[in-house]
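Colleague: I should like to learn how to read a protein model feature by feature. Could you take me through one, giving the general idea before each case?

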Amino acid sequence: MPFSFPKVYPILDAGAIPQAERAEFLRRLASELAEAGVALLEYRNKTGSDAEVLADAAILRAALSRPNIKLILDDRVDLVERAGFDGVHVDAGDAAPAEARRLLGPEKIVGTFGGSETLLPGVQKEPVDYLSIGPIFPTTTKQTAKAPIGAAGVRRLREQAGPNAVLVAVGGVTLETAPEILAAGASVIGVSAAIFRAQDPAAEFRRWLHALG
């Protein structure tokens, strides 16, 4: 699909959203991220009800309503259209990528997990726009038993994927390590803790954007 992936995009985990004044927090956060220049944001809520996911999504969509800003919903293919989001990320245990594509159509962004030590068998034949890889370094924001692959793993996966695949590096990447991971072959850095645990997430995202372009 005609979408140019930015070098960095935030992954907002629901665990980073306080319950007190939740709606106001999200509204302010999203508005500040829009002003900071965010072009792509993923919202991840593994445990919330449909109602909670849709309530959060409505706030994010309203605050990030500019045509150039795309929103991805983690897991919930069934809620993408109702949320007014632009795509979905599916992993093992979620809907299959082909099913997500069938349900959402050709214009939506669909991504899936591509692998860690090696690319998953057949994953390059999936009808997806990007493959996430990792974890790159140890991470506390997503439960995983996979060992960190580091820059060497990124280089290995790039060789397997070829030059045209969009590889999104996730897991423990910091602003200091991001240039090395991009140089190793990642197309994009997906960032959660490094941005949303900062005192000012929008200002931190702006630092990433200015540093990585």
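**Reading burial, helices and overall shape**

Modeller: Asp-13 counts as buried because its relative accessibility is 19%, and the cut-off for buried is under 20%. Please keep in mind that this is a predicted model.

Colleague: Where does Asp-13 lie, and what does its side chain reach?

Modeller: Asp-13 lies in strand β1, which covers residues 8-13. The side chain of Asp-13 reaches the backbone nitrogen of Gly-15 at 2.8 Å.

Colleague: Is Thr-112 buried or exposed?

Modeller: The same cut-off of under 20% serves here. Thr-112 has a relative accessible area of 6%, so it is buried. This residue has its place in strand β5.

Colleague: Which residues are in contact with Thr-112, leaving aside its neighbours within four places in sequence?

Modeller: For contact, one asks whether heavy atoms lie within 4.5 Å. With those neighbours left aside, the contacts of Thr-112 include His-89, Val-90, Asp-91 and Pro-97. Val-123, Val-128, Tyr-130, Leu-131 and Ser-132 are also in contact with Thr-112.

Colleague: How should I read a helix, and which residues of α4 are buried?

Modeller: One first lists the buried residues and then considers their directions around the axis. In α4, residues 97-104, the buried ones are Pro-97, Ala-100, Arg-101 and Leu-104. These residues lie on the same side of α4, because they cover an arc of only 100° around the axis.

Colleague: What covers the buried residues of α4, and what follows the helix?

Modeller: The cover includes α3 (80-83), β4 (87-90) and β5 (109-115). After α4 comes Gly-105, with a positive phi near 90°.

Colleague: Which residues of α8 are buried, and which are exposed on the other side?

Modeller: The buried residues of α8 are Pro-201, Ala-202, Glu-204, Phe-205, Trp-208 and Leu-212. Their arc around the axis is only 160°, which puts them on the same side of α8. His-210 and Ala-211 are exposed on the other side. For His-210, the relative accessible area is 63%, and exposed means over 50%.

Colleague: What do the buried residues of α8 pack against, and how far does the helix reach?

Modeller: They pack against β1, α1 (22-36), α6 (178-184), β8 (188-191) and α7 (193-196). Helix α8 has 12 residues, 201-212, and its first and last C-alpha atoms are 16 Å apart, close to the 16 Å expected at 1.5 Å a residue. It is followed by Gly-213, whose phi is positive, near 80°.

Colleague: How far apart are His-210 and Gly-37, in sequence and in space?

Modeller: Sequence separation and distance in space are read separately. His-210 and Gly-37 are 173 residues apart in sequence, while their C-alpha atoms are 9.9 Å apart. Over the protein chain, 59% of the contacts between residues at least 6 apart in sequence join residues at least 24 apart.

Colleague: What may I say of the protein chain overall, and how many helices and strands has it?

Modeller: The protein chain has eight helices and eight strands. Its radius of gyration is 16 Å, close to the 17 Å that the globule rule gives for 213 residues, so the chain is as compact as a globular protein of that length. The C-alpha trace spans about 45 × 40 × 35 Å along its principal axes. Of the 213 residues, 53% count as buried. The chain exposes about 9700 Å², of which carbon and sulfur atoms supply 53%.

Notes
Residues numbered from 1 in each chain as written. Predicted model: local features only at pLDDT ≥ 70, side-chain atom pairs only at ≥ 80, totals over all residues. Heavy atoms only, no water. Buried < 20%, exposed > 50% of the residue type's maximum accessible area, 1.4 Å probe, protein only. Helix = DSSP H or I, 4+ residues; strand = E, 2+ residues; numbered from the N terminus. Arc of directions from axis to C-beta. Polar contact = N/O pair within 3.5 Å; in protein donor to acceptor, adjacent residues only side chain to side chain. Rg over C-alpha atoms; globule rule 2.2 N^0.38 Å. Areas by Shrake-Rupley, 256 points an atom, 1.4 Å probe, with all protein chains shown as cover. Expected span 1.5 Å × (residues − 1).
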